[in-house]
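Trainee: Before I rely on this model at the bench, could we go through it piece by piece and reason from the coordinates?

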Amino acid sequence: MLAPMVGLVLRLHFVNFIGGSLGGLMAGTVFRRLSHNVTIIERSPTAQLASRGAGIVVGPHLAEFLSQYDTSRTPYYVASKQRQYLDKAGHLIDVEQREQRMTSWDLLYSILRKAFSEDGEGYGKGEYMFDAKYVGHDVHEDGLRVSVKREKAGTTLNMQADFAIAAEGAQSSVRDSISPEAKRKYAGYVAWRGLVEETNVPKEAHVFLETFTFFHAPATQILAYLIPGPGGDLRPGKRRLNWVWYENYEYGSDAWKEALTDTQGKTHEWTVPSGKVNPQAVKEVKEPFLQAISDVHASRLVNKSGRIIIVGDASSAPRPHTARSTDQAAHHALELAQIFVNIEPGILISPSFTSKLNEWQRHTLYSNKQLRDNGIRLGDHSQFGDRWKVASVTSDNFSILISTLEIMEQ
């Protein structure tokens, strides 16, 4: 039996997705549009996931996905026209004219829930099943049996499916059954994250508005940018300033324990959720949350039977410096559409299908690795690089910083 997880399972013309967050919703929407009947199983006890309170940089694959699948054409991003780089005293080092588009987790989740629930000619049926904890699966000749525990009802369901597509994030337990050597490893630092309502940004901090702002110093990095406000509000004055502060902590140290211990005294391994961060750790910010930065990368994405597939962060979780985690999930969903587009019932595991799936796995592993390696390079250079033997960024080493940040655009 596998550990609890979230994801998506597919049965041709009956598909279950394990994991009901952004990756599962994008993939589930794609499969419904391909006439598959989809059930998303989500372990959260409520019908709507709680807001993650985070900003998301809009990458090219995410933009392409929304262009194709969001028929509501909901405006979803705030655009900054330039990047600016500050020194320790807050003085401007340099400005780079480059537009960047930012959205928010809660707005994107809302758009994707609507896209998944939408009905149209030729669409398969869709169900979003919450309070549904994946607990295991069995592979048999005709497909899969996926076991799901309903905590509130105290029951276990056995769901028949032809495929299981796991999109349950970096803590994937399905990954353990496909690529057991892939273990999540702490990278040596954490990211503090939080939001400030635009109206609460003091006048002297208005330099952060309408820009993507960076600050680098020894063993730390801070960045800030505007994202949509509550309910997807894009109006000036109604938006939110999203900030991220990377800080080094040695694993197991007193400082690490203090940062990852919540208000109830529980020490978390990877994330302290919003509302539970120790108020002594970050002050003057409403409900920040903390994420321990880690690396994990699967060497296989498809099980031996060809019926279980892992996507998104479950397959490889890039460091946030790349700003490409959500974009990667969108890319996986778009590419799987090309494999599952014209499959007829009864010939799911044909030689042609197997060949296409193997080719998808090959090039997806390669692109995952490229993104992972870029993230490690960015993060390690930022947090542990030799250039931080100086007290702060200066014009002398600024060119090194710029060349490093360029990796984000590759």
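Trainee: What distance separates the end C-alpha atoms of helix 1, and what span should its residues give?

Mentor: Keep in mind that this is a predicted model. Helix 1 covers residues 22-33, and at 1.5 Å a residue its 12 residues should span 16 Å. The computed separation agrees with that expectation, because the end C-alpha atoms of helix 1 are 17 Å apart.

Trainee: How many residues of helix 1 are buried, and where does Val 30 stand in that picture?

Mentor: Helix 1 is mostly covered, with 12 of its 12 residues buried, and the list includes Arg 32 and Arg 33 alongside residues such as Leu 25 and Phe 31. Val 30 has its place in helix 1. Because buried means under 20% relative accessible area, Val 30 falls in that class with its value of 1%.

Trainee: Which residue lies 85 positions along the chain from Val 30, and how far apart are the two C-alpha atoms?

Mentor: The partner to look at is Ala 115, which is 85 residues from Val 30 along the chain. In the model, the C-alpha atoms of Val 30 and Ala 115 are separated by 9.6 Å.

Trainee: Which residue with a positive phi follows helix 1?

Mentor: Most residues other than glycine have a negative phi, and a positive value therefore deserves a second look. After helix 1 comes a residue whose phi is positive, near 80°, and that residue is Ser 35.

Trainee: How many of the residues of strand 5 are buried, and which strands pair with strand 5?

Mentor: Strand 5 is mostly covered, as seven of its nine residues are buried. Strand 5 pairs with strand 6 (residues 92-104) in the antiparallel sense over eight bridges, with Arg 83 opposite Glu 96. In the parallel sense, strand 5 pairs over five bridges with strand 13, where Tyr 85 has as its opposite residue Phe 214.

Trainee: Which glycine in the turn between strand 5 and strand 6 has a positive phi?

Mentor: Strand 5 and strand 6 form a hairpin, and five residues lie between them. The turn holds a residue with a positive phi of about 90°, namely Gly 90.

Trainee: How much space lies in the largest cavity, and which element gives the largest share of its lining?

Mentor: The count comes to one cavity of 30 Å³ or more, and about 40 Å³ of space lies in the largest cavity. Strand 5 (78-86) and strand 14 (220-227) are the elements that give two or more residues to that lining. The lining has six nonpolar, two polar and one charged residues, and its largest share, three residues, comes from strand 5.

Trainee: Where does Glu 210 lie, and is Glu 210 buried or partly exposed?

Mentor: Glu 210 is among the residues that line the largest cavity, and it has a positive phi of about 65° although it is not a glycine. Glu 210 lies in the loop between strand 12 (185-197) and strand 13 (211-217). With a relative accessible area of 37%, Glu 210 is partly exposed.

Trainee: What relative accessible area does Ala 219 have?

Mentor: Ala 219 lies in the loop between strand 13 and strand 14, and its phi is positive, about 60°, although Ala 219 is not a glycine. Ala 219 is partly exposed, and its relative accessible area is 29%.

Trainee: In what order do the three strands of the open sheet run, and which of them are the edge strands?

Mentor: The three strands form an open sheet in the order 8-9-10 with antiparallel pairing, and the twist averages 20° from one strand to the next. Seven bridges join strand 9 (residues 143-150) to strand 10, and one bridge has Lys 149 as the partner of Thr 156. Each edge strand pairs on one side only, and the edges are strand 8 (133-140) and strand 10 (155-161).

Trainee: Which residues of strand 11 are buried on its two faces, and which strand pairs with strand 11?

Mentor: Both faces of strand 11 (residues 163-166) are covered, with Phe 163 and Ile 165 buried on one side and Ala 164 and Ala 166 buried on the other. Ala 164 stands opposite Ile 308. Three bridges hold the parallel pairing of strand 11, and the partner is strand 18 (residues 308-310).

Note on methods
Residues numbered from 1 in each chain as written. Predicted model: local features only at pLDDT ≥ 70, side-chain atom pairs only at ≥ 80, totals over all residues. Heavy atoms only, no water. Helix = DSSP H or I, 4+ residues; strand = E, 2+ residues; numbered from the N terminus. Expected span 1.5 Å × (residues − 1). Buried < 20%, exposed > 50% of the residue type's maximum accessible area, 1.4 Å probe, protein only. 1 Å grid on protein atoms, 1.4 Å probe; cavity = no way out; pocket = protein on both sides within 12 Å on 5 of 7 lines; lining within 4 Å. Points joined across faces, edges and corners; volume = space filled by probe spheres on them. Nonpolar A, V, L, I, M, F, W, Y, C, P; charged D, E, K, R; others polar. Pairing = 2+ DSSP bridges. Axes fitted to C-alpha atoms, helices over the stretch in contact; angles between N-to-C directions.
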